[in-house]
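Thank you all for coming; I would like to walk you through one structure this morning, taking a few places in turn. Please have a look at the sequence and the model first, and then we will start from a single side chain.

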Amino acid sequence: MFGLPVGIVLVFALIGVTVVLFVTEAIPPDIVAIGLVVALVVLGPWTGISPQEGLSGFSNTATVTILAMYILSKGIQETGVVRRLGAEVAHLTRGSENRLLVAVVGLTGPIAGVINNTPVVAVFIPMVTDLADDAGISPSKLLLPLSYASMLGGTLTLIGTATNLVASDLSASLIDRPFGMFEFTSLGVIVLVVGSVYLLTVGKALTPGRVTPGDRTTRYGMDEYLARVLVPTRSPLVGAAAAGVTIDAARDLDIDILDVLRGGEHFIAADSDRELAARDILTVRGAPEVIQRFCDVADLRYLPRATVDDADLDNPTEGTLVELGVLSQSSVVGDTVAEARLRERYDATVIAVRRRNGDLIRENFGPTVIRAGDSLLLQTTDETVEYLLETAEFVVTGEVHDLIERERERELQPTTLPAIAIVLGVIALAALGVVPIVIAALGGVVAMVVTGVLSPADAYDAVNWNVIFLLAGVIPLGLAMQETGGVALLGAGVVTLAGIVPAVATLAAFYVLTGLLANVITPVASVVLLLPVAVDTAGRIGADPFAFVLAVTFAASTAFMTPVGYQTNLMVYGPGGYRFTDYVRVGAPLQALLTVVTTLGVVALWGL
């Protein structure tokens, strides 16, 4: 092809296939990355990648460090410190959009500089949505700034994001200059401040209010799909076990009996061994014509004036209405709703599903395949909500006021101080150069387990293995680009274009290109692909390679323009009711602003 060596053609073809698969998500990204390793090694005679090099991503110091940081972040999360801080914010800012926005942006950024931002955002989402509902504010106005602030905070320290650690490792191998713990904190502070000011001003005006504050049943368009029916004395359901009726109705008619009202007492039918009695009132979910058929078959009386809203499903004695945002690492991703067995696993009844493209499904859920970014409206119990809030599989939003208030009153756990001391110790050891960051982080993991902050099982469960396999798979791709001469080829092409513009413009161009690529193939993959090219280009035009390393690294943290660009963007997608274009509308100006700020900041602080 155009006289290029076979190796370069094959590597570029693999990159093209990988990008397409990442964007379309036809195959999970981590599986794509594993397949990439296999392809690179099988094609080793042309790609130059041996089996040892193909597997080098698993032993890469960045991969191991990121694995350890997941565990350290879990240790902090287990102490309840972050949630306690969020509860205090909830208490102090209740009722004020401006105060809440300032608190969310002002706290999330700095915290994300030292703790993995995924659990931080997961903790804040339910609090922010509930407080927004209380104040009559659309949660959409607050959730996107929450995600963006966490991404901006990742630019503060070496451990702020996985991308920083990968870039540091590449910088060490390419120019023998790894990052120190606070190597770029000065520029990170500038980026965080500028980005925060944007989110509090221009961003606030641009962020849409997609989700109407108030009832979740209304947001999901459930008005016609929820009804109340009366059990007359003559009904064959009188004397039947509530749980058995619920199972039969769900199987035969796609009807869910959500709640039974007897006098002033509520109970969830699916989890009750009580028998139905005359004059019971059932709250049911189903298509209008199916509800009518249910009434005809079971001799029930439809109550047309008895509307059903959140309060009816979120009663003080039994039921709790929640919305679950499905994360990419959730065990239910790829399962159908039927296969996920949510009722058996979580004592939860699915009421509606919102696909991440905005489509609503309110009946016949069984065959619906669950994808990351989808949202599920469920009725469950308080105990289940508390459990779900602790998992790393879902983002929980819903009526969790009481849980938030209880968090404020709860005593700090005995492991709180040891956990904080361990994380601070890891940072100090790495910052002072006593030991490499990977050794400090692994030592912190050992300390977390030895001191009882985490059990060994908790430590293993804390790791997002999808990300680890993704990292391990794409790192050899960057090596293949260097081995085959692909980096030099791209660098020579860029130099040709750079001959007509100043070096600072070339620097800005790499920032823009990295940022755009990060929006579609993940920040880590964009760094692996572009950082070697940036370093090669800098050498060819006589610029400082480290300046280009920093520009690419910071740009990878600006994947603001798509919901799939960064994990936290996907986390707020469903709860915020956003459209794909919302990320472009709010994120594109911020990305453009930071292109200028970061480029000039790199030049001013490190030279070019």
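Let me begin with Tyr387, which counts as partly exposed because its relative accessibility is 47%, in between the limits of 20% for buried and 50% for exposed. Please keep in mind throughout that what you see is a predicted model.

Which residue shares an aromatic pair with Tyr387? The partner is Tyr346, and since the ring centres are 6.2 Å apart and the planes stand at 35°, the pair is described as tilted. Tyr346 belongs to helix H19, residues 342-346, while Tyr387 belongs to helix H20, residues 382-390, so this pair ties together parts that lie 41 residues apart in sequence. Tyr346 itself is buried, with a relative accessible area of 6%.

Tyr346 also forms an aromatic pair with Phe394, and here the arrangement is edge-to-face, with 5.9 Å from centre to centre and 90° between the planes. This second pair again links distant parts of the chain, as Tyr346 is in helix H19 and Phe394 is in strand S10, residues 394-398, 48 residues apart. Phe394 is buried, and its relative accessible area is 2%.

Staying with aromatic residues, the count of aromatic pairs comes to 10, and there is one aromatic cluster formed by Phe179, Phe184, Phe546 and Phe554. Over the ring of Phe546, at 3.6 Å from its centre, sits the charged end of Arg177, and in a similar manner the charged end of Arg354 sits over the ring of Tyr220, 4.3 Å from its centre.

Let me turn now to a strand. Strand S6, residues 320-326, is mostly covered, with seven of its seven residues buried; Thr320, Val322, Leu324 and Val326 point one way, whereas Leu321, Glu323 and Gly325 point the other way. S6 runs antiparallel to strand S9, residues 375-380, and six bridges join the two, with Ser375 in S9 as the bridge partner of Gly325.

Finally, the surface. A nonpolar patch with about 920 Å² of accessible area together is formed by ten side chains that include Ile27, Val38, Leu55, Phe58 and Trp465. Helix H2, residues 29-42, and helix H25, residues 465-484, are the elements that give two or more residues to this patch, and H2 gives the most, with four. Phe58, which is placed in helix H5, residues 56-59, is partly exposed, at a relative accessible area of 34%.

Definitions and conventions:
Residues are numbered from 1 along each chain as its sequence is written. This is a predicted model: local features need pLDDT of at least 70, side-chain atom pairs count only at pLDDT 80 or more; totals for chains, interfaces and linings use all residues. Side-chain values use heavy atoms; hydrogens and water are left out. Patches are made of residues with over 30% relative accessible area and no salt bridge: like charges are joined within 9 Å, nonpolar side chains (Val, Leu, Ile, Met, Phe, Trp, Tyr) within 5 Å. Accessible areas come from the Shrake-Rupley method with a 1.4 Å probe; for residues, only the protein chains shown count as cover. A salt bridge is a side-chain nitrogen of Lys or Arg within 4 Å of a carboxyl oxygen of Asp or Glu. Buried means under 20% relative accessible area, exposed over 50%, partly exposed in between (1.4 Å probe, protein chains only). Two strands pair if DSSP finds at least two bridges between them. Rings of Phe, Tyr and Trp (its six-membered ring) pair if their centres lie within 6.5 Å; planes under 30 degrees apart count as stacked, over 60 as edge-to-face and the rest as tilted. A charge sits over a ring if NZ of Lys or CZ of Arg is within 6 Å of the ring centre and within 35 degrees of the ring normal.
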